[in-house]
Amino acid sequence: MKTTRRQFLAGTAAIGVAGAIGAPNLFSQAFAQASNTLVFAAAGTVTGSWDPSSHTVAPQITAEGFLFGRLTRCPMTPENPGEILPDLAVSWSQVDAHTLEYKLRAGVTFHDGQPFTARDVKATYEYASDPSRPASAWYPGRVDVEVVDDLTVRLSTKAHGYPALNFWYVSSFLPILCADDVANPEKLKQRPNGTGPFKYVSTTGDQINFQAFDGYHGGKPAIENLVWAYVPDANTRVLGLLNGQYHLTERLEPEQYVSLSKEAGIKTDRSLSSENKYLHFRCNKPPFDDVRVRLAAFHSIDRDQVLAIVGEAGQASNCHLSPVKFGFTDVEGYPEYNPEKAQALLAEAGYPNGQGLPEIEYITSVGFYPKTREYGELISAMLQEQGFPVKLTTLEPAAWEEQLYRRADGQGPGHIVDVGWLTGSPEPDLVLRPNYHSSFALINGINDAEIDASLDKQRNALTQDERLKVLQTETLPLIAAKAPSISLFSSVFLRAMSSKLDGVTFFPNGPVDLSKATLS
């Protein structure tokens, strides 16, 4: 079936139609490209700095995926979330509780021709884990790196008081930088120099141009040129794909995904992400400082109805971790929709039928995640049915981001906040500690000694088996029972591409591997 531009817009009229009109400039630019050029219509763009330690911006992490290598790679599949594959390291082992050893790949070079050695690993890890770096929150803490020889390093956390196993999965996420670039921050900021399959060429307006790297250790990619075209409007991305202007695009709305799945000449990809969607309660102010009120809200929400609205962009799960994270389990006794239990808990907390509850502000966004306004209205109605006097506040992404985190006085705006949490490693503590340990609790402000003790216990486990057991039988059930947030569902990435494009691998946090891709 071939859909016309008019038919497609009619079928997806809810989204940014006006933005589709302004496409001719990119349209002409893309057609001017050489035949062996892939144009990726990206939903986001990069910051002003190419230093990976300077940001936590998801689109830039995707762009960096083309440029930089890591010590290891984690495919993060639901079938085997803990799987680790070689990249710049060919083997790895735990020496003792505070030491990991990595044997490095020989014969690797950076894009500028410098050889990759243990010196680069030391410079990268010690620089990126420094708490002064903006992205240091991605990493478990400071780490010291011993250069054993040119192709052997040892990561040591002994001086910093936590087990080295906390880097076991994080090593698949940290981009390896050239030591000389780390020593020259201005150079690091202005031009990326990695060991990945593509090298940076130039930036022109909203387009970034990459070129296949002749010296890539996995073999030069078949696609010679890669164009990153920033196209913020979802309809414009889809129309460009249908017109042959783009070859690959991302972050489709569910209706777009369904429509494109029926198109001749188009392939679609639906894959589980490393992100769950949450409703965080502000736990350090009434009425959600009472666990009984939090659980009453939990039991008021029918998550099956929420998923019916989210459609292809969500997957049911009963856990505060995504199924692609180490430690995921279907938590036994995860709170389910149960209005009778909600009423009993409200009465026990002193709010029979919701009487006496203050007005509750529920803050959400529109235009960033799929269907947040629609399911926000549904959840508000379900809470109101049980007596919660909910006011829904829907904000554009920039304004919503300003409302997310707690402020200097420890308080955050509103009472309930809708947000996801996307990380690029199977490491569970990148989700759990920032959100549920009282030393952070960045959004909900929970301060619970039992949760803290359980989070510390799993973090300090000396083997992965021991850690898995603590996570699945203690930590995750405890978080569900204390309900500082509701995990509504696990997010699913929806993408589409030309049927001429083969050999693409997608990672659950956004990056795309085109090193083995072909464009016929």
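**Figure 1. Salt bridges across the whole structure.** Searching the entire structure turns up 24 salt bridges. Keep in mind that this is a predicted model, so every contact shown here is a computed one. As for the charged groups overall, there are 45 positive and 59 negative side chains, and the centres of the two sets sit 3 Å apart. The next four views zoom in on a few of the pairs and one network.

**Figure 2. The D181–K187 pair.** Here the side chains of D181 and K187 come together in a salt bridge, with an N to O distance of 3.1 Å. Is each partner buried or exposed? D181 has a relative accessibility of just 2%, so it goes down as buried. K187 has a relative accessible area of 36%, which means it is partly exposed.

**Figure 3. K277 and D418, a strand-to-strand link.** The closest N and O atoms of this salt bridge, between K277 and D418, are 3.0 Å apart. K277 belongs to strand β12 (residues 266-281) and D418 to strand β16 (residues 416-421). That puts the two residues 141 positions apart, so the pair links distant parts of the chain. Both ends are tucked away: K277 is buried, and D418 is buried as well.

**Figure 4. D448 and K482, a loop-to-helix link.** D448 and K482 form a salt bridge through their side chains at 3.1 Å, N to O. D448 sits in the loop between α15 (429-436) and α16 (449-459), while K482 is in helix α17 (residues 464-482), so the bridge ties together parts that are 34 residues apart in sequence. As for accessibility, D448 and K482 are both buried.

**Figure 5. A four-residue salt-bridge network.** Which residues are joined by salt bridges that share partners? They are D429, R433, D456 and R459, and together they make up one network.

**Figure 6. A cis peptide bond at P286–P287.** Most peptide bonds are trans. The bond joining P286 and P287 is cis, with omega at about 0°. To find the spot, look in the loop between β12 and α10 (291-300), where P287 is located.

**Figure 7. Two alanines with positive phi.** Residues other than glycine mostly have a negative phi. A441 is not a glycine, yet its phi is positive, near 40°. This alanine is in the loop between α15 and α16. A441 has 0% relative accessibility, so it counts as buried. The other alanine in this view is A483, whose phi is also positive, at about 50°. Where is A483 found? It is in the loop between α17 and β17 (485-498). With a relative accessibility of 0%, A483 counts as buried too.

**Figure 8. Zooming back out to the fold.** The protein has 17 helices and 21 strands. For 520 residues, a compact globule would be expected to have a radius of gyration near 24 Å, and the protein comes in at 24 Å, so the two agree. Along the principal axes, the C-alpha atoms fill a box of roughly 70 × 65 × 40 Å. Of the 520 residues, 58% are buried. Among contacts with a separation of 6 or more, 70% are between residues 24 or more positions apart. The accessible surface adds up to about 19900 Å², and carbon and sulfur atoms account for 51% of that.

Methods
Residues are numbered from 1 along each chain as its sequence is written. This is a predicted model: local features need pLDDT of at least 70, side-chain atom pairs count only at pLDDT 80 or more; totals for chains, interfaces and linings use all residues. Side-chain values use heavy atoms; hydrogens and water are left out. Helices (H or I, at least four residues) and strands (E, at least two) are DSSP runs, numbered from the N terminus. The radius of gyration is taken over C-alpha atoms; the globule rule is 2.2 Å times the number of residues to the power 0.38. Buried means under 20% relative accessible area, exposed over 50%, partly exposed in between (1.4 Å probe, protein chains only). Contact means heavy atoms within 4.5 Å. Accessible areas come from the Shrake-Rupley method with a 1.4 Å probe; for residues, only the protein chains shown count as cover. Lys and Arg count as positive and Asp and Glu as negative; His and the chain ends are not counted. The place of a charge is taken as NZ of Lys, CZ of Arg, CG of Asp or CD of Glu.
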